[in-house]
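Dear colleague,

I am handing over the structure we spoke about, so that you can look at it yourself before reading on. My notes on it follow below, and I suggest keeping the view open while you go through them.

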Amino acid sequence: MTKRTASCRCGQLRATAAGEPVRTSVCHCLNCQKRSGSAFAVQVRFPADQVSIDGRSGSFAKAGDSGAVATFHFCPDCGSDVYYLAGDENLVAIPLGAFDDPYFAKINYSVYESRKQPWLGAIEAADHYD
């Protein structure tokens with residue numbers, strides 16, 4: 001079974017995911033733009049029972065554009081988000097850029113496209129949602 005490791009910038013907090021992701025999405029909501037410091041965020045979701053966490057984390061809960069609250073877990077030393085829980089408690093979302101090798105993901109969804117930056121081109125995804 002494939003194992004992939006994501007970590008914070010200093011390496012103290014790690015998430016290891018076994019198997020294949022159930023969803024990879026690009027989100028254009030304002031919360032994801034602020035969280036990522038970019039025009040969008042890409043996150044990969046795995047079943048919670050396939051993810052192990054090592055290291056210390058702080059957490060921060062924030063409601064997104066949908067009103068659903070997500071709890072973000074970050075390294076208390078360097079501040080990097082490593083994983084979060086949103087909506088479905090059985091899934092763990094990990095920012096794609098946190099993976100040591102982020103080149104495995106295929107985008108399944110593009111969400112909150114009404115918030116997409118006007119200069120951003122099309123995102124190649126199986127499904128698009130507003």
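Strand 1 and strand 2 are a good place to begin, since they pair with each other in the antiparallel sense over 5 bridges. Within this pairing, S7 stands opposite R14, which belongs to strand 2. Please bear in mind throughout that this is a predicted model.

The two strands belong to an open sheet of 3 strands, arranged in the order 1-2-5 with antiparallel pairing. Strand 1 (3-7) and strand 5 (51-54) are the edge strands, each of them pairing on one side only, and from one strand to the next the twist averages 20°.

Stepping back to the whole chain, you will find 1 helix and 11 strands in the protein, and, read from the N terminus on, the elements follow the pattern β-β-β-α-β-β-β-β-β-β-β-β. The C-alpha trace spans about 40 × 30 × 25 Å along its principal axes. The radius of gyration is 14 Å, which agrees with the value near 14 Å that a compact globule of 130 residues would have. Of the 130 residues, 40% are buried, and among the contacts with a separation of 6 or more, 52% are between residues that lie 24 or more positions apart.

Next comes the interior. The largest nonpolar core holds 21 residues, and the members that touch the most other members are F46, I94 and F99. At least two residues of this core come from each of strand 2 (14-18), strand 4 (41-47), strand 8 (81-86) and strand 9 (91-95), with strand 4 giving the largest share, 3 residues. If you select F46 and leave aside residues up to four places away in sequence, you will see that F46 touches, among others, A17, V51, L91, I94, F99 and F104. There is also a second, separate core of 5 residues, which includes C27, C29, C32 and V111.

Finally, I would ask you to look at S110, which is found in strand 10 (residues 109-111). Is S110 buried or exposed? Its relative accessible area is 0%, and because buried means under 20%, S110 counts as buried. The side chain of S110 nevertheless has polar partners: one polar contact, of 3.2 Å, is with the side chain of H28, and another, of 2.6 Å, joins S110 to the side chain of E113.

With best wishes

Terms used: Residues numbered from 1 in each chain as written. Predicted model: local features only at pLDDT ≥ 70, side-chain atom pairs only at ≥ 80, totals over all residues. Heavy atoms only, no water. Core = buried A, V, L, I, M, F, W, Y, C linked by side-chain atoms within 4.5 Å. Buried < 20%, exposed > 50% of the residue type's maximum accessible area, 1.4 Å probe, protein only. Helix = DSSP H or I, 4+ residues; strand = E, 2+ residues; numbered from the N terminus. Contact = heavy atoms within 4.5 Å. Pairing = 2+ DSSP bridges. Axes fitted to C-alpha atoms, helices over the stretch in contact; angles between N-to-C directions. Polar contact = N/O pair within 3.5 Å; in protein donor to acceptor, adjacent residues only side chain to side chain. Rg over C-alpha atoms; globule rule 2.2 N^0.38 Å.
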